[in-house]
Amino acid sequence: MEDLAAFANTDGGALWIGIRDDGQVVGAQVQDRELQRIANLIAAHLGITPSIRVVELEGRPVLQVRVEPAAGLVAYGGRYLRRVGTTNRDFAPDQLARHLLGHSGRSWDGLPSEWTRTMSIRTLLSTSHAWPGPSSPP
């Protein structure tokens, strides 16, 4: 589940069931009931719908579980993960903020600010407000 969440939060990706980490093909259960169980577990835990297909490798059935990049963020176990090479890493707070802004089509400069709505720099400099720093404004 962790890998699938990280894939969804990055560029998407595929998880292969029935192939060991060393590349040896051992096969997987491919009955409809098992495919449905896997899809339901992913949907329940991650809130995303994977594509699951059966592929035959070296005469044995294996499963390819593919997820596309998510429109939002996908959490797993209270964590937001991203894929970096062959590892999963937690988003740092600033990376998480940039990721959310990037997927929303906004930028930091485009976000509303209470200060910009109530007072501009020109208003601040043209009034008798005390300058908050140790010296006068430039």
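Is Asn 9 buried or exposed, and what is its relative accessible area? In this predicted model, Asn 9 is buried, because its relative accessible area of 3% falls under the 20% that serves as the cut-off.

**Helix 1 and its surroundings**

Asn 9 has its place in helix 1, an element that spans residues 2–9 and is mostly covered, with six of its eight residues buried. The buried residues of helix 1 are Leu 4, Ala 5, Ala 6, Phe 7, Ala 8 and Asn 9. When residues up to four places away in sequence are not counted, Asn 9 touches Gly 72, Leu 73, Val 74, Tyr 80, Leu 81, Phe 91 and His 99.

Two residues of helix 1, Leu 4 and Ala 8, are also named among those with the most contacts inside the largest nonpolar core, a set of 15 residues in which Ile 42, Leu 46, Ile 48, Val 67 and Val 74 are named alongside them. The elements that give two or more residues to this core are helix 1, helix 2 (32–46) and strand 3 (60–67). For Leu 46, the contacts beyond four places in sequence are Met 1, Leu 4, Ala 5, Val 74, Ala 75 and Tyr 76.

**The sheet of strands 4, 5 and 6**

Three strands form an open sheet in the order 4-5-6, and their pairing is antiparallel. Strand 4 and strand 6 stand at the edges with a single partner strand each, so one side of each of them is left without a neighbour in the sheet. Helix 1 packs on this sheet and touches strand 4, strand 5 and strand 6, while its direction makes about 75 degrees with that of strand 5.

Strand 4 (residues 75–76) pairs with strand 5 (residues 79–84) over two bridges, and in this pairing Ala 75 has Tyr 80 of strand 5 as its bridge partner. On the other side, strand 5 is joined by four bridges to strand 6 (residues 87–90), where Asp 90 is the residue opposite Leu 81. Both pairings are hairpins, and the table sets out their turns.

| Hairpin | Residues between the strands | Turn residue | Phi |
|---|---|---|---|
| Strand 4 and strand 5 | two residues | Gly 77 | positive, near 60 degrees |
| Strand 5 and strand 6 | two residues | Gly 85 | positive, about 65 degrees |

**A positive phi outside glycine**

Which residue has a positive phi although it is not a glycine? Glu 58 does, with a value of about 50 degrees, and its position is the loop between strand 2 (51–57) and strand 3. Glu 58 counts as exposed because its relative accessible area of 67% is over the 50% cut-off.

**Trp 16 in strand 1**

Trp 16 is found in strand 1, which covers residues 13–17. With a relative accessible area of 33%, Trp 16 is classed as partly exposed, because that value lies between the cut-offs of 20% and 50%. Once neighbours within four places in sequence are left aside, the residues in contact with Trp 16 are Val 55, Leu 57, Val 62, Leu 63 and Gln 64. For one of these partners, Gln 64, the separation from Trp 16 is 48 residues in sequence, whereas the C-alpha to C-alpha distance in space is 4.7 Å.

Terms used
Residues are numbered from 1 along each chain as its sequence is written. This is a predicted model: local features need pLDDT of at least 70, side-chain atom pairs count only at pLDDT 80 or more; totals for chains, interfaces and linings use all residues. Side-chain values use heavy atoms; hydrogens and water are left out. Buried means under 20% relative accessible area, exposed over 50%, partly exposed in between (1.4 Å probe, protein chains only). Contact means heavy atoms within 4.5 Å. A nonpolar core is a set of buried Ala, Val, Leu, Ile, Met, Phe, Trp, Tyr and Cys residues joined through side-chain atoms within 4.5 Å. Two strands pair if DSSP finds at least two bridges between them. Axes are lines fitted to C-alpha atoms, for helices over the stretch in contact, and angles run from 0 to 180 degrees between N-to-C directions.
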